[in-house]
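Trainee: I'm new to this one, so could we go slowly through how the helices pack?

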Amino acid sequence: TMCGIIPSPLCVNYTPQIQQVPSKINIIATKKIRIYPQNEDKYHQMIRVYRRSYNLAIEKYKNGTYKDSNGKSIDIRPEIRSVVKAECELSGSVFDVNVSDEAVRSAGDTFRTICNKNKKLKGSSTGFAQMKFKSRKGYVHTFTLAKMPKGHCPCVKSLGKIHITESIPDEAIGKQVRVTYDHGRWYMNVQQCREIQPEIQG
């Protein structure tokens with residue numbers, strides 16, 4: 001070496017890092033269960049409650065009557081549930097305040113999603129999304145509840161009991177449940193936790 005100087009060896013302290021990889025990861029999924037209502041007519045009536053409440057809310061968002069005189073958003077659920085309840089009493093059909101309120105909440109989510117999407121298209125002349133009413137036509141209809149009851153029967157006081165073809169996960173209790181009428185068959189979509197193996201990147 002230059003000037004006869006011998007460099008000392010370079011010492012580096014190295015501590016290997018051991019990455020803790022969980023053996024399993026829990027994810028939230030949906031379990032679709034076939035059900036058999038004791039009274040299908042009442043279930044169809046509850047679908048109409050949900051659709052009517054949703055459409056009334058969409059109408060308010062379309063014409064701007066979801067705001068007060070100062071331009072601030074108001075809670076439109078009491079007015080809508082009052083209108084739908086009166087209609088149900090007049091026709092002798094079932095009504096549930098939780099189903100009506102959940103429909104209004106869903107309409108609000110739709111409104112906000114469309115507003116956010118259209119804001120991104122500012123300056124454009126095409127591509128704007130429009131709010132749509134729920135139709136009586138078609139082969140698939142739904143209603144939703146914010147919380148799955150412990151007894152596993154949605155709105156049991158109004159709708160009666162159901163026969164369930166599979167077990168309800170414990171974690172589904174108290175979570176959102178969606179009842180669907182699909183081509184003549186009834187289903188209930190509930191939440192469940194599923195364990196998956198994590199991918200280990202090498």
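Trainee: Which residues in α1 meet which residues in α3?

Mentor: Bear in mind that this is a predicted model. On the α1 side the residues are M46, V49, Y50, S53, Y54, A57, I58 and Y61, and in α3 they meet V99, S100, E102, A103, V104, S106, A107, G108, T110 and F111.

Trainee: What's the mix by class there, nonpolar, polar and charged?

Mentor: The contact of α1 with α3 divides into twelve nonpolar residues, five polar ones and one charged.

Trainee: And at what angle do α1 and α3 pack?

Mentor: Helix α3, which covers residues 97-119, packs with α1 at an angle of about 40 degrees, and their axes are 8 Å apart. That angle makes α1 oblique to α3, and the crossing of the two is right-handed.

Trainee: Switching to α2, where do α1 and α2 lie in the chain, and at what angle do they cross?

Mentor: Helix α1 spans residues 40-63 and helix α2 spans residues 77-91, and their axes come within 10 Å and cross at roughly 140 degrees. The two are therefore oblique to each other.

Trainee: Is that crossing left-handed or right-handed?

Mentor: The crossing of α1 and α2 is right-handed. On α1 the contact is made by V49, R52, S53, L56, A57 and K60, while α2 brings E79, I80, V83, V84, E87 and C88.

Trainee: How many of those are charged?

Mentor: Four residues in the contact of α1 with α2 are charged, alongside seven nonpolar and one polar.

Note on methods. Residues numbered from 1 in each chain as written. Predicted model: local features only at pLDDT ≥ 70, side-chain atom pairs only at ≥ 80, totals over all residues. Heavy atoms only, no water. Axes fitted to C-alpha atoms, helices over the stretch in contact; angles between N-to-C directions. Helix = DSSP H or I, 4+ residues; strand = E, 2+ residues; numbered from the N terminus. Parallel < 35°, antiparallel > 145°, perpendicular 65-115°, else oblique. Left-handed = near helix turned anticlockwise from the far one by under 90°. Contact = heavy atoms within 4.5 Å. Nonpolar A, V, L, I, M, F, W, Y, C, P; charged D, E, K, R; others polar.
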